[in-house]
Amino acid sequence: MIPRRSFLAGSLASAALAAPVGIVRAAPVAFSADPFTLGVASGCPREDRVILWTRLAPQPLDGGGMRDASVDVEWQVAEDEVFSRVVSRGVVRTTAELAHSVHAEATGLRPDRVYWYRFRAGPALSPVGRTRTVPADSVRPFRFAFASCQQYEQGYFIAYRDMAARDLDFVVHLGDYIYEKSWGSRHVRQHGVGIPTTLEEFRNRYALYKSDPDLRAAHAAFPWLSVWDDHEVMDDYANDRSYTVRDAAQFLKIRAAAYQAYYEHMPLPPSARPRGADATIYEHYRFGEMLDVLLLDDRQYRSASACVGSGRPTWVADCVSRTDEARTMLGEQQEQWLDARLRDCRGRWTIVAQQTLMAQDKRNGDDGAHFWMDGWDGYPNARRRLLDSLVAQRRRNPIVIGGDRHAFFTADLKHDFARPDGPTVATEFVGTSITSDGPSEASVRKAQAENPHLIYARGDKRGYATVELDARHCTVGFEALDDVKDAASAVRRLTSFVVEDGAPGAKVA
């Protein structure tokens with residue numbers, strides 16, 4: 001293991017590096033500028049393989065600048081940072097069809113090893129990335145971070161700078177990697193254009209976000225597990241429904257463009273490549289005998305929002321349709337998949353990674369109980385089925401993680417939230433946003449006051465969460481920025497919680 005800061009200083013340099021050892025130059029290719037402006041990334045780690053990503057984009061904010069030419073991109077994986085011991089290599093032919101992006105599966109690797117990787121296109125050499133494979137049967141401790149909600153205009157990606165300097169095994173991104181619209185106050189930078197609806201517009205939006213060096217550094221430092229939420233497509237959409245684009249056929253065209261752009265810019269395997277407006281990105285990742293991560297997609301397959309008609313799924317009074325047994329958050333096929341995968345989990349800890357707050361957040365009003373219909377409260381029987389599955393499959397130490405709400409939450413997940421003294425099925429931790437504006441203090445106080453299973457709630461800070469796992473404890477830290485509008489802001493731990501092996505429920509660490 002090399003010190004993280006030394007790695008970032010030495011490996012995330014520009015592409016103008018000395019000629020590397022053992023990499024064969026491709027046929028001459030002329031670029032108008034450095035083609036590796038968007039950096040490098042890795043993801044989806046397994047025992048013997050990992051996905052490597054980059055995209056050729058010498059003019060990143062103007063469609064990429066590659067025109068229609070096909071270009072061969074070489075890649076290498078090595079056991080050392082100077083690439084004297086290369087263990088895997090290959091060539092990917094990039095095309096305009098996928099924005100000259102690379103999704104290379106590096107195979108033949110050894111379990112639980114750190115590796116370095118890079119790319120070459122013609123004379124251009126990429127920055128060096130660092131990745132690692134997962135253990136085959138180890139019960140060693142793990143450290144990872146999870147993050148979500150990074151509205152580019154509302155703050156700087158300082159949280160990623162802090163994250164990249166840490167000693168982590170991987171990162172989980174839980175959605176809202178980009179924002180399709182401008183909103184909020186006190187913007188520190190601008191999207192510069194309107195809401196994307198075409199493939200080229202979505203590509204430019206991803207390129208803008210990846211122009212941030214701190215985001216690129218976090219990608220280059222660790223393998224990522226990634227899933228989308230709503231703003232990668234359109235605010236609060238549900239399956240083929242949108243409250244802003246009412247025509248379903250038109251919306252699905254936008255969704256198809258958005259899904260393709262997401263795939264083109266994330267370290268996802270070729271199996272996740274969209275088929276029109278559909279893509280399968282939920283997956284099970286096993287990390288030896290210590291933990292299983294079940295990454296869910298709760299946006300693509302969900303039933304239409306209840307109690308709001310064709311309006312925005314916001315806080316509204318309860319209605320009969322909300323508790324319809326047929327309503328689903330994950331879709332029938334993903335629910336069945338999740339149940340089967342839970343039977344197959346063997347880790348000491350089971351991490352269910354999904355997009356939002358799973359615990360009930362009921363707000364009492366003059367006209368009765370109000371619920372936020374875009375979250376799990378809009379799908380209470382789907383939530384019950386998921387929790388029932390955790391119990392039925394006897395998962396050891398289930399931990400649910402989420403984002404979306406722009407606030408830190410710690411919660412006990414109950415079979416019956418009306419019985420606060422009832423048994424806790426799982427423990428939940430929700431990370432705040434990387435930059436996106438949070439809820440009011442009054443809203444957060446009301447949530448805690450009216451929902452005793454919400455152990456902790458704080459919405460005035462931006463940042464992310466870290467998780468440390470060993471055989472006896474799961475420790476979660478809430479890492480917060482002093483001021484997301486200040487590019488030199490420090491990151492400090494607000495608080496931390498611990499869950500003990502065999503004892504669901506969080507305690508202050």
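Is Cys 319 buried, partly exposed or exposed? Cys 319 counts as partly exposed, because its relative accessibility is 24% and the partly exposed class runs between 20% and 50%. Keep in mind that this is a predicted model. The close-ups below start with that cysteine and then move around the chain.

**View 1. Cys 307 and Cys 319 are joined by a disulfide.** A quick reminder: a disulfide is a covalent bond between the sulfur atoms of two cysteines. The structure holds one of these, and its sulfurs, in Cys 307 and Cys 319, sit 1.9 Å apart. Look at the twist about the S-S bond of Cys 307 and Cys 319: the torsion is about -85 degrees, so this disulfide is left-handed. Cys 307 lies in the loop between strand S13 (291-295) and strand S14 (315-317), while Cys 319 lies in the loop between S14 and helix H6 (332-344), so the bond ties together parts that are twelve residues apart in sequence. Cys 307 has a relative accessibility of 25%, so it counts as partly exposed.

**View 2. Cys 44 and Cys 345 have no cysteine sulfur close enough for a bond.** Why doesn't Cys 44 form a bond with Cys 345? The sulfur of Cys 345 is the closest cysteine sulfur to that of Cys 44, but the two are 17 Å apart, which is too far. For Cys 345, the closest cysteine sulfur belongs to Cys 474, and at 15 Å that is too far as well. Cys 44 is buried, with a relative accessible area of 9%. Cys 345 is buried too, with a relative accessible area of 6%.

**View 3. Helices H3 and H5 cross each other.** Two packed helices are described by the angle between their axes and the distance between the axes. Here, H3 covers residues 199-210 and H5 covers residues 248-265; their axes come within 8 Å and cross at roughly 35 degrees. The crossing of H3 and H5 is right-handed. On the H3 side, the residues that meet H5 are Leu 199, Phe 202, Arg 203, Tyr 206 and Lys 210. Their partners in H5 include Ile 254, Ala 257, Ala 258 and Tyr 262. Sort the residues of this contact by type and you get eight nonpolar, two polar and three charged.

**View 4. Arg 186 and Asn 239 have a positive phi.** Most residues other than glycine have a negative phi. Arg 186 is not a glycine, yet its phi is positive, at about 55 degrees. You'll find Arg 186 in the loop between strand S10 (170-173) and H3, and it is exposed, with a relative accessible area of 58%. Asn 239 is not a glycine either, and its phi is about 60 degrees. Asn 239 lies in the loop between strand S11 (223-226) and H5, and it is partly exposed, with a relative accessible area of 25%.

**View 5. Gly 192 sits in the loop between S10 and H3.** How accessible is Gly 192? Gly 192 is exposed, with a relative accessible area of 69%. Along the chain, Gly 192 and Arg 205 are 13 residues apart, and their C-alpha atoms are separated by 9.8 Å.

**View 6. Glu 500 in strand S24 meets residues from elsewhere in the sequence.** Strand S24 is made of residues 491-500, and Glu 500 is part of it. Setting aside neighbours within four places in sequence, Glu 500 is in contact with Trp 349, Asn 397, Arg 472, His 473 and Lys 507. Take Asn 397: 103 residues separate it from Glu 500 along the chain, but their C-alpha atoms are 8.3 Å apart. Glu 500 is partly exposed, with a relative accessible area of 36%.

**View 7. Two UniProt spans can be picked out along the chain.** In an unreviewed entry, UniProt lists residues 38-133 as "domain: Phospholipase D N-terminal". That stretch is 0% helix and 49% strand, with its end C-alpha atoms 23 Å apart. The unreviewed entry also lists residues 144-476 as "domain: PhoD-like phosphatase metallophosphatase". Residues 144-476 are 25% helix and 22% strand, and the end C-alpha atoms lie 10 Å apart.

Conventions
Residues are numbered from 1 along each chain as its sequence is written. This is a predicted model: local features need pLDDT of at least 70, side-chain atom pairs count only at pLDDT 80 or more; totals for chains, interfaces and linings use all residues. Side-chain values use heavy atoms; hydrogens and water are left out. UniProt positions are given in the numbering used here, feature names are shortened, and annotations may be inferred rather than shown by experiment. Helices (H or I, at least four residues) and strands (E, at least two) are DSSP runs, numbered from the N terminus. Axes are lines fitted to C-alpha atoms, for helices over the stretch in contact, and angles run from 0 to 180 degrees between N-to-C directions. A crossing is left-handed if the near helix is turned anticlockwise from the far one by less than a right angle, and right-handed if clockwise. Contact means heavy atoms within 4.5 Å. Ala, Val, Leu, Ile, Met, Phe, Trp, Tyr, Cys and Pro count as nonpolar, Asp, Glu, Lys and Arg as charged, and the others, Gly among them, as polar. A disulfide is a pair of cysteine sulfur atoms within 2.5 Å. Buried means under 20% relative accessible area, exposed over 50%, partly exposed in between (1.4 Å probe, protein chains only).
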